[in-house]
Amino acid sequence: MLFSQCGFTEMTTFDQPSKIKNLFICCPCPARLLRLWTCRRPRTRRNLLVGTACVIYLGFLVSQVGHILPQHKGRHQKISSRSLQDAAQTPFLGIPLDGTLSPPNFQEPQLGGNGTLLPPNVVYITLRSKRSKPANIRGTVKPKRRKKHATPLSYRQHFPKATFTGREEAFAQQPGKATHAAGTMGAPIALEAREHKDEHRHKGMAIRERGHWRPGGNSGAIKAQPQPEESNIRIYSESSPPWLSKDDILNMRMLADSQIGSIQEVSSHKAVLVVFAGGTSTTGTACNQGYCGVVKRPLDMSEVFAFHLDRILGLNRSLPSISRRSEFFQDGQACPVILWDSSLSPTDNSTHSSVRLTWGQYQQLLKQKCWQNGKVPKAEWGCTEIHHHEWSKMALFDFLLQIYSRLDRNCCGFKPLREDSCMQQGLKLRCSDQDAVHLTHIVQRRHDQRHLVFIDNKGFFDRNEDNLDFKILQGINEFPESAVSVLRSQRLREKLLQSLFLDKIYWESQGGRNGIEKLIDVIERRSKILLTYINAHGAKVLPMNE
């Protein structure tokens with residue numbers, strides 16, 4: 001009765017030190033003890049009763065305090081362990097994802113004073129970083145087909161014959177759409193010979209003559225090759241990229257998939273002329289109909305990249321190029337094959353150009369701005385038939401690929417390597433009189449003297465940014481808007497991946513997407529340098545689609 005009145009019924013609920021202090025103050029119950037002291041009982045019996053009560057009270061108090069303190073400490077440990085467990089299950093945004101946090105050492109647990117395990121003071125959380133996958137570029141993912149309908153299609157089934165009806169006449173009126181890689185061998189041939197080109201191309205691809213090619217340089221028929229089940233020009237989307245015309249796709253498929261009818265060496269160009277089956281039996285007539293291609297060395301594989309870059313930038317001055325493997329040249333290595341164009345103007349053997357110009361004359365032409373805005377130049381200006389905008393397109397194209405053979409034949413604008421042609425020919429030492437150096441590979445078409453055709457577009461991706469040839473841009477104050485807009489749009493990488501993926505052999509020969517990405521990295525860095533150059537020199541960006 002005494003202990004219940006002193007408040008010991010709620011002793012078990014105390015879990016804080018402040019309540020323990022109240023226990024010492026409130027629980028003696030002075031009023032009760034005073035009443036016992038003043039009651040009418042013998043003093044001896046009264047003292048005994050009071051002493052017994054105090055002894056029992058003190059003993060009970062000591063036992064309660066010893067029970068409360070360990071329980072209070074244990075509760076804090078439980079709360080801490082629970083909070084640690086909750087923290088381990090909660091994702092933290094501020095923890096690095098590179099795995100720099102090391103895991104705890106579970107082999108050496110920490111022991112408390114009574115031998116119990118203590119929770120760790122640090123929570124180690126290692127989050128696995130999400131693997132970044134390369135983005136899927138449009139048209140580069142092959143659609144899944146059901147097995148019973150998975151029938152391989154030849155390249156002729158992708159584009160119906162009716163789609164290209166009448167393409168020759170329209171194509172002949174578009175000089176910017178190049179249709180063939182060229183050299184200096186073509187004789188003047190009438191353009192009407194290409195009138196029935198598609199009709200012959202869609203006929204049977206059987207070889208007219210059977211036999212083996214002799215490496216002596218004379219043309220001859222070769223043995224038949226098996227027809228590929230699928231085209232090496234792969235298009236998985238409903239349509240081809242918009243920067244490639246239907247003529248480009250058709251010519252690429254012809255170069256990549258047509259059987260080889262005969263081969264003839266071209267010693268002056270270090271190349272091989274290939275006549276594809278499907279045309280006429282004679283070499284000259286077949287090349288006039290567009291059934292010939294120039295096969296170059298594997299070292300010239302950058303010409304394929306140059307063709308796709310030319311189309312993406314909207315220049316449309318290079319010739320369709322693809323990669324191809326064949327047992328008849330380069331021991332089956334992947335080589336660039338460029339469409340032969342019989343409409344190109346004849347060139348000389350020294351400069352391989354249809355127009356002979358020196359560097360000094362070229363700089364004067366840039367100042368006169370010949371044929372710009374439809375203005376007829378004066379006779380004393382010394383202008384050629386080439387439009388002024390053509391030089392701007394060629395300079396931009398050559399700078400991105402660092403093609404020095406056209407405008408800087410002697411390598412006077414950079415430090416060449418031993419492998420460069422100017423070093424092998426000893427032209428580097430002839431930079432004292434640069435105005436007298438002739439330009440090379442300046443080619444036009446016979447029926448279109450206003451526009452250039454970019455041939456021999458071997459680019460160099462090993463030029464460092466501090467060793468670029470800025471002489472290519474000398475005298476150029478205007479740049480094509482179509483090309484500059486692509487460079488500024490930051491979509492050059494996406495378009496190059498989508499376009500180069502079409503050429504299966506080239507894609508594989510460069511190491512797949514990883515190898516292609518490295519080439520695009522070089523072009524992107526050069527494009528940023530070019531844009532900086534345009535802004536620093538105040539060059540104009542004009543539409544040049546006349």
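Here, a residue counts as buried when its relative accessible area is under 20%. Keep that cut-off in mind for the close-ups below, and remember that this is a predicted model.

**View 1. Helix 13 and its buried residues.** Let's start with helix 13, which runs over residues 481-488. Which of its residues are buried? They are Ala483, Val484, Val486 and Leu487. These four sit on the same side of helix 13, because they cover an arc of only 160 degrees around the axis. And what covers them? Among the covering elements are helix 9, helix 11 (388-401) and helix 14 (492-500). Helix 16 (512-537) joins in too, along with two strands, strand 9 (478-480) and strand 10 (540-542). Just past the helix, look for Gln490: it follows helix 13 and has a positive phi, near 60 degrees.

**View 2. The largest pocket.** Now for some open space: the largest pocket holds about 1,200 Å³. A total of 37 residues line this pocket, and the closest to its centre are Arg297, Asp300, Ser421, Lys458 and Phe460. Which helices each supply at least two residues of the lining? Those are helix 9 (302-312) and helix 12 (421-424). Helix 12 gives the most, with three residues. Sort the lining by class and you get 12 nonpolar, 14 polar and 11 charged residues.

**View 3. The second largest cavity.** How many cavities of 30 Å³ or more does the structure hold? There are four, and this view zooms in on the second largest, with about 60 Å³ of space. Part of its lining comes from a run of neighbours in the sequence, including Leu407, Asp408, Arg409 and Asn410. Cys412 is in the lining as well, and so are Gln434, Val437, His438 and Leu439. Trp359 and Lys471 complete the list. By class, the lining of this cavity splits into five nonpolar, three polar and three charged residues.

**View 4. Gln368 and its contacts.** Our last stop is Gln368, a residue of helix 10 (residues 359-368). Is Gln368 buried, partly exposed or exposed? Its relative accessible area is 26%, so Gln368 counts as partly exposed. Leaving aside residues up to four places away in sequence, Gln368 touches Trp381 and Cys383. Take the pair Gln368 and Cys383: they are 15 residues apart in sequence, yet 7.8 Å apart in space, C-alpha to C-alpha.

Methods: Residues numbered from 1 in each chain as written. Predicted model: local features only at pLDDT ≥ 70, side-chain atom pairs only at ≥ 80, totals over all residues. Heavy atoms only, no water. 1 Å grid on protein atoms, 1.4 Å probe; cavity = no way out; pocket = protein on both sides within 12 Å on 5 of 7 lines; lining within 4 Å. Points joined across faces, edges and corners; volume = space filled by probe spheres on them. Nonpolar A, V, L, I, M, F, W, Y, C, P; charged D, E, K, R; others polar. Buried < 20%, exposed > 50% of the residue type's maximum accessible area, 1.4 Å probe, protein only. Contact = heavy atoms within 4.5 Å. Arc of directions from axis to C-beta.
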